[in-house]
Amino acid sequence: MKRRDFLKFIGVSGAGAGAGFVFSKVIKPPGGMLIPYIVPPEEVIPGVANYYATVCPSCSAGCGVQVRILEGRAKKLEGNPGHPVSGGKLCARGQAAVQALYNPDRIRGPLKRKGPRGSGEYTKISWDEALKTVTDNLSELKANKEADRLYVLTKPLNGHLGSLVETFMSAYGSPNHTQYELFQHRNLRYANKATLGVNSIPYYDIANTKYLLSFGADFSSTWLSPVSMARGYGEMRQGRGPRGKLVQVEPRMSGSGANAEQWVPARPGTEAMLALSIANAIVEKRLYRGPDAGAWKAALADFSPKDVASVTDVPAERIEAIAEEFATTKPSLAIGGDGLSGYENGVAGIVAINVLNHLGGNLGITGGVIPNPEELLTGPRKVDFDSRISKLAKDAAASKVKTLLVGNTNPVFTTPRGAKLEEALKNIPFIASFASFIDETSAMADVILPANHPLEDWGDDFADPATGSMVASLAQPVVSPFFDTKSTGDIFLAIAKGVGGPVADKLKAASFEEYLKDSWRELYGKHKELRAGTIEFGQFWNKALQHGGYWTEPSKPRSLRVSARDAGRHISKAAAKFDGNAKKYPFYLIPYAQAGHYDGRGANLPWLQELCDPMTSVVWGNCVEINNKTAEKLGIKEGDIISVESPSGSIDAPAYLTPAIRPDTVAVPLGQGHRLYGRYAQKRGANPVEILPAVEDASTGAFALNSTRVRLSPGTSKEQMVKMEGSTRELGREIVQTVSQKEF
């Protein structure tokens with residue numbers, strides 16, 4: 001029975017309360033079974049739910065979840081109360097994972113391309129044919145001594161699936177494994193390695209800080225580990241002791257900024273200079289008395305509040321007031337999010353944040369920046385800054401790539417057109433994808449070997465950032481595969497067996513489940529802390545599966561410091577650069593991650609399409625956020641379709657008027673504008689990444705999202721803006737279902 005029809009029947013509260021005998025006949029769909037088993041499995045009791053611990057698949061935060069299973073079907077996800085990252089909580093994207101599992105647009109079995117690349121036209125084939133097609137290709141490549149022409153492109157792999165892929169590539173003889181997604185935090189990682197000396201992202205202890213100074217970090221909805229950080233923010237605000245204070249620096253107000261005592265709308269691209277000006281004021285006012293105060297005074301001499309005020313549009317008095325509060329409130333904490341690291345000088349911005357935390361005495365303390373301990377598995381977690389999506393595109397364009405294997409990432413949608421990735425992929429002779437949906441990237445494949453949904457699969461995850469302790473999570477299949485799909489690990493193992501030789505010798509496991517268990521058995525033997533409280537590995541394994549993984553209590557934070565010399569190598573003395581002449585393109589463009597769609601991966605789920613944006617209330621599309629005064633000058637009214645044009649292209653979207661953005665700035669949420677990716681996502685809204693220049697950080701390979709100016713003009717699209725704000729109408733979506741007593 002459809003949810004819409006179900007709501008119609010329960011819409012009459014008076015009649016429905018006494019109509020059980022009628023209702024029991026109505027709710028059963030044609031051909032439906034009251035109990036879906038004639039003889040249920042031993043562990044299934046009709047009407048009684050089972051709960052399984054696993055890892056949330058909706059982003060890279062690694063939240064532990066519990067899945068409610070009723071008669072073999074996943075019904076609900078909730079946070080695992082014992083897991084240190086989620087702490088029993090879960091965001092909207094995590095809740096919607098069950099819709100991805102049972103999505104009608106999932107690929108239901110292996111496919112072979114029959115139309116042009118990018119068309120999404122495929123015909124069904126068997127698994128034997130699909131695997132043979134891939135193994136024959138790789139065997140031929142190996143025989144021709146062109147093993148280095150094999151490339152693998154995946155999302156970042158934090159666990160043993162990453163180890164398996166690395167082993168596969170090493171044994172085959174190719175160094176070309178590229179890990180990519182839009183929010184990979186490359187600039188954050190690089191800056192922390194360069195100035196703090198830590199390989200992983202540290203734990204930002206929001207829960208215990210008293211003064212949070214955030215530069216472009218929407219920590220409550222999209223940045224790093226939003227469930228963990230939102231929990232910490234709740235404790236900071238409502239926990240025991242004095243209520244903590246939040247100051248948010250960003251040109252466009254985010255959901256986190258809306259919760260702040262102070263919103264500081266600095267000019268786009270100047271936030272790093274503002275942070276260094278605050279640092280300058282701390283040193284000049286002798287609020288920092290460390291032995292290296294003289295070195296910092298010299299390093300920050302060019303960033304006096306008086307000089308920086310005119311550049312940032314933040315008064316010198318306000319800069320000095322923030323500096324005094326930040327330095328005298330103990331503990332305090334500065335964080336730099338995607339809004340800061342997304343400029344072309346994003347590394348300099350994060351370095352400036354680290355300088356602030358050093359001068360504020362916030363490094364290595366409770367309520368400050370806490371380095372996480374070394375993880376059990378460190379190999380695949382290390383980011384190779386030389387392995388980048390732009391290199392793959394250049395190699396493909398130069399015909400250096402003969403075969404590409406793509407797993408669960410969609411860079412055609414999330415890279416600027418200037419990177420010319422789609423054109424480069426068309427130049428590759430053979431592409432195989434392990435995607436679950438036909439999206440903009442998997443549509444380029446010659447053959448698709450669809451992978452299980454993570455809730456159907458084995459796996460593990462080593463949280464990064466963790467919570468000041470070691471957090472290793474285990475994922476187990478909570479349901480049987482719903483379609484004719486296979487585990488990604490099993491696909492690689494099958495290909496290894498088909499290719500033979502050193503690859504088969506290195507990967508002898510019969511299944512990925514066996515590979516994963518053997519890998520953990522090896523860790524169990526190496527690390528005595530895993531053996532504590534258990535007799536043998538089997539007991540440890542069962543206990544870890546039951547709890548959702550293994551984690552330790554937070555250890556005593558170790559000290560960190562930033563030297564003026566190291567920071568000086570990365571400090572930028574000028575504002576970030578933007579593509580486009582200021583007179584021709586008068587507005588800064590700020591693309592931002594939206595709470596439901598993130599980088600676009602959530603756009604194919606109707607729950608998330610219906611989830612209104614917290615700041616605009618827009619659903620089933622996106623908009624262009626414009627300051628009210630700017631719109632008045634341009635004659636733009638709310639809902640008008642406008643064209644946003646940069647030197648790299650243009651998009652059309654409805655205008656949303658708000659005072660919570662600078663007059664010289666417009667903002668567009670990411671995630672919409674898919675050409676493919678299923679019925680709920682495609683041909684809906686606009687993708688702002690399409691009009692960005694391919695500006696890449698030379699050190700990290702990260703694309704700069706905040707890198708272009710735009711101009712506004714009337715658009716030609718006919719798509720209307722649908723928002724929940726200020727409207728009592730349902731706008732044709734039939735949210736409230738009613739039926740008259742007579743009809744019932």
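1. In this predicted model, Asp461 stands opposite Ser473, a residue of strand E18. The pairing in question joins E17 with E18, which covers residues 471-475; the two strands run in the antiparallel sense and share four bridges.

2. These strands belong to an open sheet of three, arranged in the order E17-E18-E19 with antiparallel pairing. Strand E17 (459-462) and strand E19 (549-551) form the edges, each pairing on one side only. From one strand to the next, the twist averages 10°.

3. Two helices that pack on the sheet deserve the reader's attention. Helix H21, made up of residues 512-526, packs on the sheet and touches E17 and E18. The direction of H21 makes about 40° with that of E17. Helix H23 (residues 537-547) also packs on the sheet, where its contacts are with E18 and E19. The direction of H23 makes about 90° with that of E19. Strand E18 is thus touched by H21 and by H23.

4. A separate point concerns helix H10, which spans residues 271-284 and has 14 residues. From the first C-alpha to the last, H10 reaches 20 Å, close to the 20 Å expected at 1.5 Å a residue.

5. Is helix H10 mostly covered or mostly uncovered? H10 is mostly covered, with 13 of its 14 residues buried, where buried means under 20% relative accessible area.

6. The backbone just after H10 also merits inspection. There, Arg286 takes a positive phi of about 55°.

Key. Residues are numbered from 1 along each chain as its sequence is written. This is a predicted model: local features need pLDDT of at least 70, side-chain atom pairs count only at pLDDT 80 or more; totals for chains, interfaces and linings use all residues. Side-chain values use heavy atoms; hydrogens and water are left out. Two strands pair if DSSP finds at least two bridges between them. Axes are lines fitted to C-alpha atoms, for helices over the stretch in contact, and angles run from 0 to 180 degrees between N-to-C directions. Contact means heavy atoms within 4.5 Å. The expected span of a helix is 1.5 Å times one less than its number of residues. Buried means under 20% relative accessible area, exposed over 50%, partly exposed in between (1.4 Å probe, protein chains only).
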